[in-house]
Amino acid sequence: MGTDGPSKFLQKRAASKRKMKTLAKVSAADWREGFLFVGNHLALDFINTRPEIDGKPNELLTNWSSLIRWFRASKLIDARDGVSFECSWAESKEAQKTLRAMWTFRENLRKDLLAWEGDGRIRSETLRELNALMSEHPMLKKITSEGARFITVQWFPLQQPSNLFAPLALAAANLFSELDPKRVRKCEHCVLHFHDTSKIGTRRWCSMRLCGNRVKVAAYAARHSSDQHRTDSPRLSPAKWPP
Ligand SMILES: [Zn+2]
């Protein structure tokens, strides 16, 4: 406590708590419809649908309905199409099969991503699988009007659940072929991955609001714990996931 009297000590401690509360505040900006969008890339946002919450893997794509919600939140399907597609296949074996296949695809992709982030290489088996998926579920193009001009846009049919692989397979292929592996990395504090699009290229956390502040708060607490009685040290409140 040093030479400060009890009231000064209490004031300092209250100020510490206020500062930590501010640092630990989590913004809703990283979340959309209950999913995280911090990857700066569709394939990374898909991989990030299984974050760790309180140190445990937490599946956000828990069922067919949440899978469709993620596609809506990712702006891959619009709300009206999403509702009718979800209802048409709800409780179907095909929807369950696609959901399980999505989990497997995502976890395989996670392993490939970690390896690629390390040495820039991809297994030939992965290339074959991605090519097979893109061949079976290709993204299509169509011409449409935009004001007074015409543009071509990508689309995929929503005829059966497995069609949902179309944008994901292409996104994964684009990730490995178009991005610099040195600019794609896992958060230092959690399992989320991101594409570092900053000018300086030194982003370390999935999000300043999620992990950056946690690390800062922990460092702040560690620095100040030596100044105070250990039992008086403010505790780091777990950030609210999702907000
Ligand atoms: Zn993180």
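## A walk through the model

Among contacts in the protein chain between residues at least 6 apart in sequence, 60% join residues at least 24 apart; here, two residues are in contact if their C-beta atoms, placed from the backbone, lie within 7 Å. You're looking at a predicted model, where local features need pLDDT of at least 70, side-chain atom pairs count only at pLDDT 80 or more, and totals for chains, interfaces and linings use all residues. Residues are numbered from 1 along each chain as its sequence is written.

Start with the whole protein chain: eight helices and eight strands. Helices (H or I, at least four residues) and strands (E, at least two) are DSSP runs, numbered from the N terminus. Of the 243 residues, 23% are buried. A residue is called buried if 20 or more other C-beta atoms lie within 10 Å of its own, exposed if 12 or fewer, and partly exposed in between.

**Select 93-119.** This is helix 5. Its 27 residues should span 39 Å at 1.5 Å a residue, and its end C-alpha atoms are 39 Å apart, which agrees. (The expected span is 1.5 Å times one less than the number of residues.) Colour its buried residues: Ala95, Thr98, Met102, Phe105, Leu109, Asp112 and Leu113. An α-helix has 3.6 residues a turn, so residues three or four places apart point the same way. What covers the buried residues of helix 5 includes helix 2, helix 3, helix 4 (79-89), helix 6, helix 7 and strand 8 (193-195). Just after helix 5 comes glycine 120, with a positive phi near 75°.

**Select 64-73.** Now you're on helix 3. Buried here are Trp64, Leu67, Ile68, Trp70, Phe71 and Arg72, and their cover includes strand 2, helix 4 and helix 5. Lysine 75, which follows helix 3, also has a positive phi, near 65°.

**Select 165-178.** Helix 7 has 14 residues and reaches 19 Å from its first C-alpha to its last, close to the 20 Å expected. Its buried residues include Ala166, Pro167, Leu168 and Ala169. Helix 2, helix 5 and helix 6 are among what covers the buried residues of helix 7.

**Select Phe71, Ala169, Ala172 and Cys206.** In the largest nonpolar core, which has 36 residues, these four touch the most other members. Such a core is a set of buried Ala, Val, Leu, Ile, Met, Phe, Trp, Tyr and Cys residues joined through C-beta atoms within 7 Å. Elements giving two or more residues to this core include strand 2 (35-36), helix 2 (42-47) and helix 6 (124-136). Helix 7 supplies the largest share, seven residues. Zoom in on cysteine 206: leaving out residues up to four places away in sequence, it touches Val38, Cys187, Cys190, Leu192, Phe194 and Cys211.

**Select leucine 42.** You'll find leucine 42 in helix 2. It counts as partly exposed, because it has 19 C-beta neighbours inside 10 Å. Add leucine 168, 126 residues apart from leucine 42 along the chain: their C-alpha atoms are separated by 7.6 Å. Leucine 42 touches Ser74, Pro167 and Ala171, again not counting residues up to four places away in sequence.

**Select 140-155.** Last stop: strand 5 (residues 140-146) lies largely in the open, because the number buried among its seven residues is zero. Strand 5 runs antiparallel to strand 6 (residues 149-155), joined by seven bridges; two strands pair if DSSP finds at least two bridges between them. Leucine 140 has tryptophan 155 as its bridge partner in strand 6. The two strands form a hairpin with two residues between them, and glycine 147 in the turn has a positive phi of about 65°.
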